[in-house]
Amino acid sequence: MDTPAPAGRLRKAPEHFLDRDGIQRHLMESRAGRRGFIRSAFAAALAGGAGAAAAQQAAPADGDPAILALPAHSRGLGQPVAADGYGMPSKWERNVQRRQSPGLTQTRQASVSFAPLQSLFGIVTPSGLHFERHHQGWWDIDPSQHRLMLNGLVKTPKVFTMDELMRLPSVSRFHFIECGANTGMEWGNVAVPTCQYTHGMLSCSEFTGVPLITLLEMAGADLKKGRFVLAEGADGSSMTRTIPMSLVTSGEVLVAWGQNGEMLRPENGYPLRLVVPGVQGVSWVKYLRRIELGDMPYGTKDETVHYVDLLPDGTHRQYTSLQEVKSVVTTPSGGQVLLDKGYYNISGLAWSGRGAIRRVDVSVDGGRNWRQARLQAPVMSKCLTRFSLDWVWDGRPAILQSRAIDETGHVQPGYRQLRAVRGSRSIYHNNAIQSWLVKENGEVANVQLA
Ligand SMILES: Nc1nc2c(c(=O)[nH]1)N[C@H]1C(S)=C(S)[C@@H](COP(=O)(O)O)O[C@H]1N2
Ligand SMILES: [Mo]
């Protein structure tokens with residue numbers, strides 16, 4: 001691609017950029033001599049501000065020492081194989097972390113950590129950066145002791161060990177998981193500064209498991225009477241959710257043990273979780289220990305008291321489990337700083353619980369004009385889709401937005417449209433169009449257009 005203008009530089013959002021402690025650590029290490037050549041760059045970064053980022057890039061007139069001075073890694077012997085039996089990200093990336101929102105909850109066992117969407121590429125969330133939502137803390141359960149029970153409207157109630165499940169014919173599929181409360185803090189007004197916090201209760205993985213319908217058929221399920229299943233987790237939260245059989249008979253719902261080619265991470269439900277594509281995260285029961293087939297919704301605490309939508313007339317809506325079409329620009333996004341006028345690749349994520357993304361439009365003027373974004377293949381059903389658009393920033397204020405349309409024709413609403421139906425006092429299921437204001441000084445801020 002020919003970029004239409006010189007590419008502008010972007011200062012990363014604070015939680016992505018190295019923090020003071022990180023910089024201090026690097027300085028100490030470089031004092032030990034191993035990375036002397038970067039010392040001045042980090043000293044400049046410690047001073048902070050846009051100038052620091054510029055200092056890291058500007059080459060001195062007598063040549064760039066990063067080229068002229070042969071670094072240690074070009075002269076010496078590198079690390080041996082298998083120095084670490086399970087590889088880790090580069091230490092230079094250690095500020096890319098899932099993060100909790102201080103003060104959001106009283107305990108860290110019943111809380112949320114947000115995925116750093118602004119730092120990720122493509123559509124897959126690295127397992128170690130997958131968002132977390134626990135109601136009662138996470139566990140690392142011994143798989144040899146874990147059991148899955150199937151009961152209810154079945155001929156022969158069954159109990160499976162992990163070995164028995166993993167011998168069955170499995171499938172692997174890419175799907176997003178989004179907590180119903182994602183973007184929930186923004187219902188009333190702007191609440192948090194970065195897209196990690198506005199949209200980070202969202203992740204996407206390749207999941208591997210056996211379709212739940214296979215297990216139900218093995219148990220002789222009564223598929224006429226059985227219209228709902230109850231899924232139950234083994235942790236102390238007594239997480240129980242009703243799932244309509246239509247999603248099960250379609251073969252979509254998986255009893256999964258795999259995540260991105262390896263076993264699930266403990267935080268994400270090891271050794272077994274339910275995968276319910278398109279449906280809000282709470283139904284993706286982790287540490288899955290029981291499935292009951294029934295003829296009515298179960299009305300559990302997590303579907304009658306929690307995960308209900310408060311409507312403007314004061315009534316609550318239940319069982320609104322589907323995650324409607326939604327998107328967000330992840331770069332440039334809140335907390336980042338545009339250091340130059342010029343070319344920027346606007347990039348973001350779109351998804352829908354109803355199927356595949358058909359189209360994403362992007363506006364740089366607060367929704368007056370829209371241009372169709374590129375969708376990056378593969379574009380899969382109930383999966384994140386990466387979109388991008390070329391943009392030349394002229395240095396004047398701009399408001400970046402994205403609007404997704406899914407294959408069923410559903411269009412992502414603006415805040416005015418959404419609030420007309422839903423009011424502004426909900427917690428869950430906020431799929432409104434996100435706006436990022438690019439100020440004249442290049443700072444990007446979270447804003448809402450009335
Ligand atoms: N057993 C159990 N399953 C659970 C939960 C839980 O607390 N316990 N939290 C639910 C909620 S609200 C969400 S959003 C997702 C989060 O999945 P993750 O932690 O893998 O991101 O798990 C769901 N499944
Ligand atoms: Mo959730």
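1. Start with the five-stranded sheet of this predicted model. The sheet is open, and its strands follow the order β5-β4-β13-β8-β9. Pairing within the sheet is mixed. Strands β5 (158-161) and β9 (240-244) form the edges, each pairing on one side only. On average, neighbouring strands here are turned by 20° against each other, direction ignored.

2. Look next at one pair inside that sheet. Strand β8 (residues 228-233) and strand β13 (residues 288-294) run antiparallel. Six bridges join them. To find the register, use V229, which stands opposite L293 in β13.

3. There is also an open sheet of four strands. Its order is β16-β18-β22-β21, and the pairing is antiparallel. The edge strands are β16 (326-331) and β21 (374-375). Each of these two pairs on one side only.

4. One pair from the four-stranded sheet deserves a look. Strand β18 (residues 342-351) is joined to β16 by five bridges. The two strands run antiparallel. K326 stands opposite W351 in β18. As a reminder, strands of a sheet pair through backbone hydrogen bonds, either parallel or antiparallel.

5. Now the ligand. Ligand 1 is surrounded by 21 residues. The closest are H135, C179, G233, N268 and G281. Which strand gives the most to the shell around ligand 1? Strand β3 (residues 132-134) does, with three residues. By class, the shell holds eight nonpolar, eight polar and five charged residues.

6. S172 is a useful single residue to inspect. It is found in strand β6, which covers residues 171-178. Is S172 buried or exposed? The residue is partly exposed, because 13 other C-beta atoms lie within 10 Å, while a buried residue needs 20 or more and an exposed one has 12 or fewer.

7. S172 also has partners from elsewhere in the chain. Leaving aside neighbours within four places in sequence, S172 is in contact with E206, F207, T208 and G258. G261 offers a further distance to check. S172 and G261 are 89 residues apart in sequence. In space, they are 8.9 Å apart, C-alpha to C-alpha.

8. Last, the chain as a whole. It has 450 residues, and buried residues make up 39% of them. The chain contains 11 helices and 25 strands. Consider the contacts with a separation of 6 or more: residues 24 or more positions apart account for 72% of them.

Methods
Residues are numbered from 1 along each chain as its sequence is written. Chains are lettered from A and ligands numbered from 1 in the order in which they are written. This is a predicted model: local features need pLDDT of at least 70, side-chain atom pairs count only at pLDDT 80 or more; totals for chains, interfaces and linings use all residues. Two residues are in contact if their C-beta atoms, placed from the backbone, lie within 7 Å. Two strands pair if DSSP finds at least two bridges between them. Axes are lines fitted to C-alpha atoms, for helices over the stretch in contact, and angles run from 0 to 180 degrees between N-to-C directions. A residue is near a molecule or strand if its C-beta atom, placed from the backbone, lies within 6 Å of it. Ala, Val, Leu, Ile, Met, Phe, Trp, Tyr, Cys and Pro count as nonpolar, Asp, Glu, Lys and Arg as charged, and the others, Gly among them, as polar.
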